[in-house]
Amino acid sequence: MTQQSIGSFSVIDGETATVVSTVPVSASVRGISYNPNVNKLYVLNYTNGLTHIYDATALMELASVSTGPLPFLAAVNTATDLVYVSEGVSSQLFVIDGLSNNLVRTVSVGSFPGGVGADPVLNQVYSSNGSPSNSLSILNGVTNTLLATLPMGLDPGAVGVNPRTGLVYVPGFRSNNVTVVDGKTNAVLATITAGIGANPLGCGVNPVTNRIYVANYGSATVSVIRGADQTVIASIPVGTNPRNIAVNPLTNRIYVTNSSANTVSVIDGNSNQVIATIPVPGTPYDIAVNP
């Protein structure tokens, strides 16, 4: 979990719901992503434009890669071990080889790309692009070329991917909805409005239960979507200004960074109840899970 205002990331023990270590990086870190194939963490430094690569066990930095002036969020395609970093100024995705830790490509997408997601089954990568594009760029994960561009809600946020169904979920921050995309046809399948709170931003998916979790930044809630019929089945109160979400499919626990409350909410996916609130300093921003 990254801590934006103090320039560090912390490790939470999922069993005890406590912070067990904190690693200083630099001022204003943003995104974090984990690759289980190579056991590496990718931590994005919004101040100096670097993506820092760490051994996830030793928590030692292995390398740093220049990824534009303002790297924002990242996603790993476990089918290729490529890491995709969104960068707002250049409107590009920076592509890092997870094996060599080298930058291998940049890909132009829409304006101010923010959320990034990858489907290792379809081998596709998704970039949500902010205003004025308000779109989703869909890339071929083998060639890293553009397959399609779809209209989204206003200022689309994080990208949630269910590799079991091939569906992609993109919150619209200013339109208060979630757009559902069928990755097999690269077409919009549905737009969910009922049950979505104010300013939806973060999105996480449990592919085992086919539940999608949306962090509503403006209403301090998490909306739970049933993936079988794209219906909101619960609204869970969390801390102030929830931003990003990570899901552990093995334990069915959902972790939510509450940026203004300086906490992480832990949700039991079986009961849709908050079972722990973890205090963390420094404006928690993004979060990733090692199942």
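**A walk from Tyr285 to strand β27**

Start by selecting Tyr285, which is buried, with a relative accessible area of 3%. That value falls under the 20% limit for calling a residue buried. As you look around, keep in mind that this is a predicted model.

Next, turn on the aromatic rings: searching the whole structure gives four aromatic pairs. One of them joins Tyr285 to Phe72 in an edge-to-face arrangement, with 6.2 Å from centre to centre and 80 degrees between the planes. Colour the chain by position and you will see that this pair links distant parts of it, the two residues being 213 residues apart. Phe72 belongs to strand β8 (residues 71-77), while Tyr285 sits in the segment after β27 (273-279).

Now click on Phe72 itself. Is its setting buried or partly exposed? Phe72 counts as partly exposed, at 24% relative accessibility.

Add Tyr46 to your selection, and you have a cluster of Tyr46, Phe72 and Tyr285 linked by ring pairs. Stay on Tyr46 and bring up Arg30, which lies over the face of that ring, 3.6 Å from the ring centre.

For the last stop, move to Ile275 in strand β27. Ile275 is partly exposed, and its relative accessible area is 45%. Which residues does Ile275 touch, once neighbours within four places in sequence are set aside? Show Arg253, Val266 and Asp268, since these are in contact with Ile275. To finish, draw a distance between the C-alpha atoms of Ile275 and Ser265: the two residues are 10 residues apart along the chain, and the separation is 7.9 Å.

Technical notes: Residues are numbered from 1 along each chain as its sequence is written. This is a predicted model: local features need pLDDT of at least 70, side-chain atom pairs count only at pLDDT 80 or more; totals for chains, interfaces and linings use all residues. Side-chain values use heavy atoms; hydrogens and water are left out. Rings of Phe, Tyr and Trp (its six-membered ring) pair if their centres lie within 6.5 Å; planes under 30 degrees apart count as stacked, over 60 as edge-to-face and the rest as tilted. Helices (H or I, at least four residues) and strands (E, at least two) are DSSP runs, numbered from the N terminus. Buried means under 20% relative accessible area, exposed over 50%, partly exposed in between (1.4 Å probe, protein chains only). A charge sits over a ring if NZ of Lys or CZ of Arg is within 6 Å of the ring centre and within 35 degrees of the ring normal. Contact means heavy atoms within 4.5 Å.
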